[in-house]
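Hi,

Here is the structure I promised to pass on. Have a look at it first, and my notes come right after.

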Amino acid sequence: LPPWLFTRMAKLIVNDGSMPEIDTLRNVPLGLKTSEETILLPYMITWTYKISKMFYPSANVEYGAALFPVIMFALTIIVFFLFVKEIFARESKLSKIRANIISLISTFLMIVIPILLSRTVAGIPEKESAMFFFLFLALFLFLKAWKTEKIKYALTFGILAGITTAGMSLVSGLSMYLYWAIFAASFTAFVLNKFGKKEIIVYSSWWISARLILS
């Protein structure tokens, strides 16, 4: 199963300092290029292991791998709440209260949905726990950039959205859905004549920063 693969790669990083370019235990005898699959996830497991070792000296890599999805899903819940709140947020006090209520209900449903529970509980270092974190963070930052009036803030949020988009790409190939979602939303804004100078800057900064990191 993939969690064992990610844990094995994390062990190699701990022992050797980095992942090997070729994984000789797969596609024998040719091996498999590790750059063709998730690159960031084993490193994130390694960082979790090193942090956990500071508080629990007897922790090993398996302990870090078991703890990793819990930490990531906790962060995902926070980011998801902020993302939904940003969607419904308006200036009036009543709208802010309503946005908070909608965000709380949405976040609760996300926490208990069965399809996610099996991939975000302790002991299962799957891609999804980290993938959803980067997904909702990228959407939140892009939306923040889109709604910001000042160009310099819009540019900053756009670049940050691109960085987190690249992070999702380095975790899972499902990042294509993020690209298509942002493209579809931007194209719709263009058709409705709501795609001005600021929106061009936001979209360009997001796409260029993501592609530069991935290149």
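Below is what turned up, going from the overall fold to the core, the cavity and a few odd spots.

Two housekeeping points before that. This is a predicted model, so to speak with the usual filters: local features need pLDDT of at least 70, side-chain atom pairs count only at pLDDT 80 or more, and totals for chains, interfaces and linings use all residues. Residues are numbered from 1 along each chain as its sequence is written, and side-chain values use heavy atoms, with hydrogens and water left out.

Overall fold. The chain has nine helices and two strands (DSSP runs numbered from the N terminus: H or I of at least four residues for helices, E of at least two for strands). Their order from the N terminus is α-β-β-α-α-α-α-α-α-α-α. The C-alpha trace spans about 55 × 35 × 30 Å along its principal axes. Of the 215 residues, 41% are buried (under 20% relative accessible area with a 1.4 Å probe, protein chains only; exposed is over 50%, and partly exposed is in between). The accessible surface is about 12500 Å², and carbon and sulfur atoms hold 70% of that (Shrake-Rupley, 1.4 Å probe; for residues, only the protein chains shown count as cover). Taking contacts (heavy atoms within 4.5 Å) between residues at least 6 apart in sequence, 65% join residues at least 24 apart.

The core. The largest nonpolar core (buried Ala, Val, Leu, Ile, Met, Phe, Trp, Tyr and Cys joined through side-chain atoms within 4.5 Å) has 49 residues, and Met44 and Phe136 touch the most other members. At least two residues each come from α1 (2-16), α2 (40-55), α3 (61-88), α6 (127-147), α7 (151-169), α8 (175-191) and α9 (197-214). The biggest contributor is α6, with 15 residues. Leaving out residues up to four places away in sequence, Met44 touches Phe68, Met72, Ala130, Phe134 and Val171.

The cavity. How many cavities of 30 Å³ or more does a search of the whole structure find? Just one, with a volume of about 60 Å³. For the method: on a 1 Å grid over the protein atoms alone, a cavity is a set of points where a 1.4 Å probe fits but cannot get out, and lining residues have an atom within 4 Å of a point. Points are joined across faces, edges and corners, and the volume is the space filled by probe spheres set on them. The lining is Leu5, Phe6, Met9, Met19, Arg26, Thr34, Glu37, Thr38 and Pro42. Three of these residues, the largest share, come from α1. By type, the lining has five nonpolar, two polar and two charged residues (Ala, Val, Leu, Ile, Met, Phe, Trp, Tyr, Cys and Pro are nonpolar; Asp, Glu, Lys and Arg charged; the others, Gly among them, polar).

Odd spots. Glu126 sits in the loop between α5 (114-120) and α6, and counts as buried because its relative accessible area is 11%. Beyond four places in sequence, Glu126 contacts Pro2, Pro3, Phe6, Leu41, Phe68 and Arg119.

The loop between β1 (22-23) and β2 (32-33) holds Pro29, which is joined to Val28 by a cis peptide bond with omega of about 5°. Asn27 is in the loop between β1 and β2 too, and has a positive phi of about 55°. Asn193, in the loop between α8 and α9, also has a positive phi, near 60°. Asn193 is exposed, because its relative accessibility is 71%.

Cheers

How values were computed:
On a 1 Å grid over the protein atoms alone, a cavity is a set of points where a 1.4 Å probe fits but cannot get out, and a pocket is an open set with protein on both sides within 12 Å along at least five of seven lines; lining residues have an atom within 4 Å of a point.
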